[in-house]
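Colleague: Thanks for making time for this. Could you take me through the model and show how each label follows from its numbers?

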Amino acid sequence: RTATTMNAEVVVNSLPLLLSEEVSDSAVDLFGHMNICHYMAIYEKAEWMLLDVLGMGTDYYKAGGGVFNLTQHIDYLKEVRKGDTVAVHYRLLGRSTSKKRLRFVFVMVNTSAGVVASTLQCLCTHISLATRRSSAFPDRILATIEEHLAQHKALPFAEPPSVLCMDPN
């Protein structure tokens with residue numbers, strides 16, 4: 001079983017939380033559920049929070065380092081409606097042998113309904129803002145990534161099937 005097929009309570013109790021927010025009127029479309037652009041807005045906030053957890057916050061970017069997303073894959077699993085509260089949890093899935101790329105998944109739980117509502121898998125690459133080229137993660141950030149990877153590999157459920165190719169270059 002994967003995070004998308006498990007009980008939301010297991011996900012909530014196993015994966016680190018990044019953010020929680022209530023779905024506002026402005027996030028709802030004509031169908032009465034959260035519009036896809038708002039899923040991305042929430043996931044973007046979560047990604048900035050994750051990067052901060054990994055040591056790549058605002059100061060890191062001001063100093064010339066960063067990440068660019070290479071690809072993202074979203075699954076919409078259950079409807080989210082106005083007034084529901086959603087929480088985004090994360091799991092690191094792997095890094096490239098070149099130490100430049102990182103793959104992770106966000107799991108959005110509709111805590112009002114007690115279900116996994118959506119997942120987003122992402123592949124990003126570390127870059128130098130000076131050269132605008134990919135580069136290896138610095139040792140201190142790589143050590144933090146490795147810590148999280150070890151913790152997440154020990155979780156009580158399987159990783160979601162990868163839909164992203166992680167080329168080691």
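Modeller: Happy to. Please keep in mind that this is a predicted model. A good place to begin is the largest nonpolar core, which has 35 residues; Met56, Leu92 and Phe106 have the most contacts inside it.

Colleague: Which helices and strands each supply at least two residues of this core?

Modeller: They are strands E1 (17–22), E2, E3, E4 (101–110) and E5 (115–128), together with helices H2 (36–53), H3 (58–62) and H4 (139–153). H2 gives the most, with 6 residues.

Colleague: What does Met56 touch, not counting residues up to four places away in sequence?

Modeller: Met56 touches Leu51, Tyr61, Val67, His126, Phe137 and Ile141. Apart from the largest core lies another one, of 8 residues, including Ala8, Val11, Leu15 and Phe157.

Colleague: Why does Val11 count as buried?

Modeller: Val11 has 0% relative accessibility, and buried means under 20%, so Val11 counts as buried. Val11 lies in helix H1 (residues 8–14).

Colleague: Let's turn to the cysteines. How many disulfides does a search of the whole structure find?

Modeller: The search finds 0 disulfides. Take Cys37: the nearest cysteine sulfur, that of Cys122, is 18 Å away. A disulfide needs the two sulfur atoms within 2.5 Å, so Cys37 is in no disulfide.

Colleague: What about Cys124, and which cysteine sulfur is nearest to it?

Modeller: Again that of Cys122, here at 5.4 Å. Set against the cut-off of 2.5 Å, that value leaves Cys124 in no disulfide.

Colleague: What makes Cys37 partly exposed and Cys124 buried?

Modeller: Cys37 has 45% relative accessibility, and partly exposed runs between 20% and 50%, so Cys37 counts as partly exposed. Cys124 has 1%, which is under 20%, so Cys124 counts as buried.

Colleague: Now for Asp84. Where is its place, and how do you know that it has no salt bridge?

Modeller: Asp84 is in the loop between strand E2 (65–76) and strand E3 (85–95). The nearest side chain of opposite charge, Arg81, is 6.4 Å away. A salt bridge has to be within 4 Å, so the buried Asp84 has none.

Colleague: What does the side chain of Asp84 reach at 2.8 Å?

Modeller: The backbone nitrogen of Arg81. With a cut-off of 3.5 Å, the value of 2.8 Å makes this a polar contact. Not counting residues up to four places away in sequence, Asp84 also touches Glu21, Glu22, Val23, Glu79, Asn110 and Ser112.

Key: Residues are numbered from 1 along each chain as its sequence is written. This is a predicted model: local features need pLDDT of at least 70, side-chain atom pairs count only at pLDDT 80 or more; totals for chains, interfaces and linings use all residues. Side-chain values use heavy atoms; hydrogens and water are left out. Helices (H or I, at least four residues) and strands (E, at least two) are DSSP runs, numbered from the N terminus. Buried means under 20% relative accessible area, exposed over 50%, partly exposed in between (1.4 Å probe, protein chains only). Lys and Arg count as positive and Asp and Glu as negative; His and the chain ends are not counted. A polar contact is a pair of N or O atoms within 3.5 Å; within protein, one must be able to donate a hydrogen and the other to accept it, and residues adjacent in sequence count only if both atoms are side-chain atoms. Contact means heavy atoms within 4.5 Å. A nonpolar core is a set of buried Ala, Val, Leu, Ile, Met, Phe, Trp, Tyr and Cys residues joined through side-chain atoms within 4.5 Å.
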